[in-house]
Each structure stands twice: as C-alpha cells, then as structure tokens.
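Q: Could we go through this structure together, feature by feature, so that I learn how to read each one?

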Amino acid sequence: MTPPKAATAETLDGGAPVGGTEELISGSEAVAHAVRLADVDVLTAYPIRPYDTVMQYVSKLIADGEFDCEFIVAESEHSQFEIVKHASTVGARVFVGSSGVGWLYAFEALAVTAGLRVPMVAMVGNRALDDPGAFGVEHNDALAVRDLGWMLCWVATAQEALDTALIAYRVAEDPRVSLPCALSCDGAFLTHSQSIVNVPDQATVDSFLPPYDRKEKLLHPDNPITIAPQANEDWVMEIRKQSDAGMRRARDVITEAYDDFGAKFGREDEPFIERYMMEDAEIALVGMGTLAMPVKVAVRKMREQGQKVGFVRVRWFRPFPVEELQDALGGVAAVGVIDRDYGLGSAFYGGVLAGDLRTALYPLEDRPKVVSFIAGLGGREINTDNVITIAGMVSDAAEGGTTDDQDTYWIGVRE
Amino acid sequence: MSTGSVEVIYRGIYQKTLAKNICRGVVFAARKEGKIGIAFGRYSDSPERNGIPAKQFAVVADEQEELEEYLSRYEPDNNDVTIACDDTLCKGVESWAWYGLQPINKLLGENGTLLVTSTQSPNKLINFIHRKASPYDLALVRSEASFSGLWVYKDDHTDVRLLGALAKVAPHMFSIDSMLAAIKEQFKDDLKVTSAKKSYDDTEAQPVSTEQGNEEVPYSFELPGWKEMEEGIVIRGMDMSKGGTGKDGSYVPVRNEVFKKFSTRTMRPVINFETCTKCTLCWLNCPDTCFDVTADGLYDANMEACCGCGVCEAVCPVKECVTMVNEEAFDDNDSQWAMWTKDKDGYGKWLAEKIANQPARSHGFHHIGQYEEDIANDSA
C-alpha cells in the first residue's frame, strides 16, 4: 500500500513538486475528485449501490461550485452508457460507472464501445450479480467484459483509485490506444471506507493529463464522418483486429503513464502489478483489489514464522501483464490465486484470474504449480486465517502433498 | 454428376419466400431420388432490405461428404443453374456483401443454365447480361416479376413454374416425375403440379456464346486491410465542396465511386422537362442525392445513383412530370436531360413510349384488400 503523502506542497525524495491537500475520503470520493481534476465534460448517472456514492460526491462538488460538467441522470444504465458513448464522439471527456447487474444492464452499449474506440472511463463499484439484493463485492461484474476490448484495472486503496483514474484517462485517450477503461473498486471495502488521501492540485494534474482531442475522429459538422454504420462479416474481423492492436499498444502507453505520473506526483508504482515480499519468496499468493490488506497482514505473520511467502497484486487485468507475472512468479514453487470471482464450469472449475494466470505461466519451462482458490464472494470477509490456510495448502502443493493444482478450493464457505 | 447446386438471385424481402420455396423444392425433389440436400440463404437475412439483390442456394448430393465439400465454401460457385427471379437483375447485382457490380452469371458453371422469369425477348436480356468467358444456356419462364415475398405471399405459381423448368434444364439433378411428386407432397395442390408440368413442357434453353452479351467491365472495389481502414468504424463523408461544375450554375454532387447500388432499382423515374416547374421537391426529397441540377435549373436523375424508390414521383406536384417506369425498358444509364437538350421532339416521343409501355410492377400492396382485388382482376 502507498502511504498517504503530506498535506501541503513539498519536495519528495524524487525531487518532484507535490501540491494538493490531505483529505479523509472514501474510494468513491477519491474517484469523484479525479473526475473533477480531469475536468470531465459529461457524466451520466443511474443509481446502484455501491457505485452511486460517486454520483453523490460529484453532485456535491457541483453543488458546492467546485466543479462544472453536464451531469445527466439517465433512465437506465443502458442509456447511461449510450449517452457518454455519443458524447465522447463529439469531443467530450466522459465519466460513467455502475455496479453488478446495473453494469450488465448496459451490456449492449459496453460491448460496442471498444470497437468504436471510445475512450470512456468507467468506475465499476464491484458488486455481486444480485442474487436477490446481494450488494457485497464480487469481481464477476467487471470481468464480464474481459474479452471485449475494455481495459480493466483493480485498485486497493482510495489513493490508488484517485491516481489510477487520472492514469486511466491518459491511457484510454492516447491515440495509440483509444479504448475504454473500467476502474474497479471493491464495493464497501473501498467505495465506503474513508482513508487519508492526497488530493493533488489542478496544475500538477494538468501537466500530466493533456486535453481530450479526437482530432480527425471528432464528430462535427466541419468534419463530416459517420461513426458505426452497418458492419457485416466483410468488415467485422478487421474492426476486431484494430481493437486488438490498440490493446497491444496499451502496454507501452500504460508504462509511460506510470513513469510520468511518478515523476510529477512523486508516487512511484510499478505499472501492472504490485509485488509484496516477493524477493526471496518460495510460494506466492495472487489476487486483485482490497483483499491485498488481509493478505499482506497474513504474509507478515507467516514471515515471522519463517515461511517465505510473498504476494502479487494484479492491478491491470486487461491488458493482462504476462511478462510481469512471468518475472514475478517464474521462480516460486507454487502459486495460490485467490479469486473474488467464480468461473463455474471453467477449467478445473477455477477462478477467472487463476485461469488467465495459468495460461501466462504455461510457456515457462520451470513453471510453478497454480492452485485456484475462491473466496470472499458476495462481500464475505477474507480474513488472515483464511489466507494462512490458503498459504498452507499452496506449500503442501509445492511439496507434492495432497493439495491438487487441478482442483479448486472454496475458502470460507460453510460445509 | 453426383452433386448439383442451384443459385437463386432475388429481390430482398419482396421475393424472399419465393426464393425459399424454390430452394426447398430442389431438395425435396432430389430426396425423392434418395439424394440428400440443403437449402440455405446467403445475404438473405438481415440486413436484407426491400429490393436489394439477395441470394439463396440449394445443393444436392448422393453422399454427405460430397455435400460438405460443396458447403465448405461460403458461396457455392460453378452452379448448375442460376435463377434470376426478376429480369432486371440481369443488369448485374450489387448486394450488401458484394463490392462492385456482380454479373448475374458470375457463379454459373460452364454450360450451366441461367433461368430467368421475364416477358422480354431472350436477345434483349442477353444485351443486359455481362459476357462470360465460358458458354452457358439461357432459358426463360414467361412471367412478370413475381412479388411473393416475406410479408405477403402472392401465390402466382412462379415457384413451381421455376421448379418445373429446373427439371428440364438440369435433368441430372432430378427427373420431372420426382419434382412433380415433391410438389404434390409439399403443396397438396394439383393445380400447382399442372403449372410445374406445363412449365417443364414449355421451357427451352438457347445457347449463349462467349461472344454474346454486355461488354462493359463491371465496376469493382478492393476491400481494404485492417491497417488501411480508419479505426473506430469511422467512414469519412464525401467532400461535397468538390461537387458541381459551378460556373454555368449546374451542380453535380460528389458521389461514391464504388458503392452505386443502382442494381437495387426495378423502376426508374422518367422526367418531362417541358412540364417541370423547377419546384425543387424531387431534388430535396431524394434520399440518395441522385438529382443533378442542370445549368437551366432543371433536375436530372442520375441513373448510377438512383435506387428507384419512387419518392420523386410521389412528391412531384405536376401530373406526369415524374413517372416511374419498369427498369427493363432501359438499356443504359444515360442522362435524360442530355437527350432532351439534344433533341426535344425525339425525347418527347421517347418519353411517351416509355410511359405508354409502362408494364405493371408491384412492390407489394398499397392497401388492405388489394391482393383480393388483383386476383379478381386477373380472373376477369
């Protein structure tokens, strides 16, 4: 975790000037500040918990006279995403978001956004897919679009949410990429938890984030173009290939953005993954989002007992950081992936992250065993004891015990 | 030949069910002889649109593997028979999935048969049809274009008449007895069986040599690669500022060179320039910007741009100033205004002849009950 920085302007070790203020805010409020600082032009809203907290904070910023934008309350999530899609084509920087089944209600709009190369930034307040009323965190909502050209990232703290939202605009709007980006924030654990956050000043943000410029793709009477006419089998494959090329180029653009962000804001993060106590790790745990906190606490406890356990948190799920994960995990004996999602009927009935991670590690000659764990569904707590249990099973797998890397283990489920 | 295939080219929506019935009839007839087959649409579902050239196919074979070999192509080529359900399609077809103008006989195999419903003379149709590098036969079923479509099926027996003719020109695929048995079983209507048999007896094919036909090279278009295509599904508008000749007051808008789509047209407007009041309504309402403004302020419908929708005729306030005429009455896409300017008397006669000989052509039904009225009129 990145510790919060000082409240007033100062010079950090890197020599970069850092201004801004210190605030005690939730992850949603942090994203609302990012929306203000990015000077978003059009924002659409439709309430669903836990994403709706962003709506509340942006509304307050507008009401307080701190921010000005077109704030459109749509009549559904589908319209919400359609409106920003169109606004983006006429040159507006847009923000949108949803949660759980609300996000899925917009699926038709979500599916076509990438092909249209509309660089919208959306916040997904991760939520279970509404087994009646369930609103606790699960990652299956955002993951539903994982193959459709959306860049997907998960954050662990309110500070990271603010920073990554700004990075997301820069990456999404870069002409080399021009793809939508969904910023996932775990419902409740991040959206509703207040922590101390450095809210940067406008000048620093402006030096990092250039204005949105669609150039020759701007829909405007002076630039007569049609966007998205009928496309059939004679065009669709080329359109997908173009999106694929954009996603491949995103890797370098993300790296550049993190480098520049570090230089300007003084918060240096590795772009795609976070490595925690991995230097001499013999086994590793992998996960996304706020489960990082109990995992890190458990790792420290296990280290005190002499167990060489490390943790890798995946920040960017799309594009999937194959090289970084191969580098981080190539040397360990076994990996335990803790998915806050499920892949019912998938290979080994495992989690979504576990499946992609296995694929990424498969080309390695000396690849570690990958054991899939499913935990924390529907917002259930993942506590340090759960994590220690998981690590024990991963060690067992590494030593050739009974823990099977071709099976999947549900942790914290009542038998 | 153990495998056989039939291509049916038809007018989208208006003839969809007709095409389906023909293709199903092929398979049913072949089945009577122990063969297997499949009938399928290509370019024949959404975005099929009114009048747009569309296709269905029927393939029959002795064995499943032979059938699969044929079906492993998106569009069967080397067809035994190509059926054109509307003779105006003989001018070539530009459907949503083809780029450029595709000759009607393009996918017809050597010595195959092009079977057309038409009241025109064979020679007139041959003049429309693009030349082919291999010889083929032309056979006609005497009929106006049937509009037995998706919404309303006008059961004028065109389906079984074409199937009877098919048995005549492609006896290797199935015998007439098999076809008649299949029709009887499918429709349970002796009159349809009689129609098919009569068509079988009447149908005669004539050879078309490689020296005959329209010499024009059809316009074509290469599909761009993914690196050439503009990203984001962006299609640039034509630069309208480059349109027109300007100096003499005329205006010719810029048009897409490679997407002309006039093969959709089954009727075209003819203009009486003498009675035109220059009210601009045709020019204003044309959905395809197909009217050129002439130096003398008249409106000349450009026949490479016109889809034949008839909006100009509908909005024109002058009686018989704009008249829609069957497309088969025309041999070229030349400018009517140029003809009129050169020889006003000659144009007047030409115009009168086109309007007088205007054959009936229906794109369906104008009002509820018209089908019954048409049937009553036909019987009378």
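The dialogue below takes up the chains, their interface, the salt bridges and some details of the backbone.

A: Before we begin, please keep in mind that this is a predicted model, and that every value below is computed from it.

Q: Then let us start with the overall build: how many helices and strands does chain A have, and how many are there in chain B?

A: The secondary structure of chain A comes to 13 helices and 18 strands, while chain B has eleven helices and twelve strands.

Q: What does the radius of gyration say about chain A, and what does it say about chain B?

A: The idea is to set the value of a chain against the one that a compact globule with that number of residues would have. For the 415 residues of chain A, such a globule would have a radius of gyration near 22 Å, and the 21 Å of chain A agrees with this. For the 380 residues of chain B the expectation is near 21 Å, and the 22 Å of chain B agrees as well. Along the principal axes, the C-alpha trace spans about 70 × 55 × 40 Å in chain A and about 70 × 60 × 40 Å in chain B.

Q: How should I read the interface, and what is the area buried between chain B and chain A?

A: The size of an interface is often given as the accessible area lost when the parts come together. Between chain B and chain A about 1900 Å² is buried, and carbon and sulfur atoms give 59% of that area. On the side of chain B, the residues that lose the most area to chain A are Trp226(B), Glu231(B) and Ile233(B), which together make up 36% of what that side buries. Counted by contacts, 18 residues of chain B meet 23 residues of chain A.

Q: Which polar features cross the interface of chain B and chain A, and how many salt bridges does the rule find there?

A: Side chains of opposite charge can pair when their charged atoms come close. Across this interface the rule finds three salt bridges, and Lys217(A) forms a salt bridge with Glu230(B), with 3.5 Å between the closest N and O atoms. The count of residue pairs in polar contact between the two chains is nine. By class, the side of chain B that touches chain A has twelve nonpolar, three polar and three charged residues.

Q: Which strands of chain A and chain B pair, and in what sense?

A: Strand 11 of chain A (residues 225-227) pairs with strand 8 of chain B (residues 234-236) in the antiparallel sense, over three bridges. Within this pairing, Thr226(A) stands opposite Ile235(B).

Q: Which parts of chain A does the salt bridge of Glu160(A) and Arg315(A) tie together?

A: The two side chains meet with 2.4 Å from N to O. Glu160(A) lies in helix 7 and Arg315(A) in the loop between strand 14 and strand 15, so the pair ties together parts that are 155 residues apart in sequence. Over all chains, the count comes to 44 salt bridges.

Q: Where in chain A should I look for details of the backbone, such as cis peptide bonds?

A: One cis peptide bond joins Arg49(A) and Pro50(A), with omega about 0 degrees, and Pro50(A) is placed in the loop between strand 4 and helix 2. The bond from Arg318(A) to Pro319(A) is also cis, with omega near -5 degrees, and Pro319(A) is in the loop between strand 15 and helix 11. Finally, Ala228(A) has a positive phi of about 65 degrees although it is not a glycine, and Ala228(A) is found in the loop between strand 11 and helix 9.

Definitions and conventions: Residues numbered from 1 in each chain as written. Chains lettered and ligands numbered in written order. Predicted model: local features only at pLDDT ≥ 70, side-chain atom pairs only at ≥ 80, totals over all residues. Heavy atoms only, no water. Contact = heavy atoms within 4.5 Å. Buried area = accessible area lost by both parts, 1.4 Å probe. Salt bridge = Lys/Arg side-chain N within 4 Å of Asp/Glu carboxyl O. Polar contact = N/O pair within 3.5 Å; in protein donor to acceptor, adjacent residues only side chain to side chain. Nonpolar A, V, L, I, M, F, W, Y, C, P; charged D, E, K, R; others polar. Pairing = 2+ DSSP bridges. Helix = DSSP H or I, 4+ residues; strand = E, 2+ residues; numbered from the N terminus. Rg over C-alpha atoms; globule rule 2.2 N^0.38 Å.
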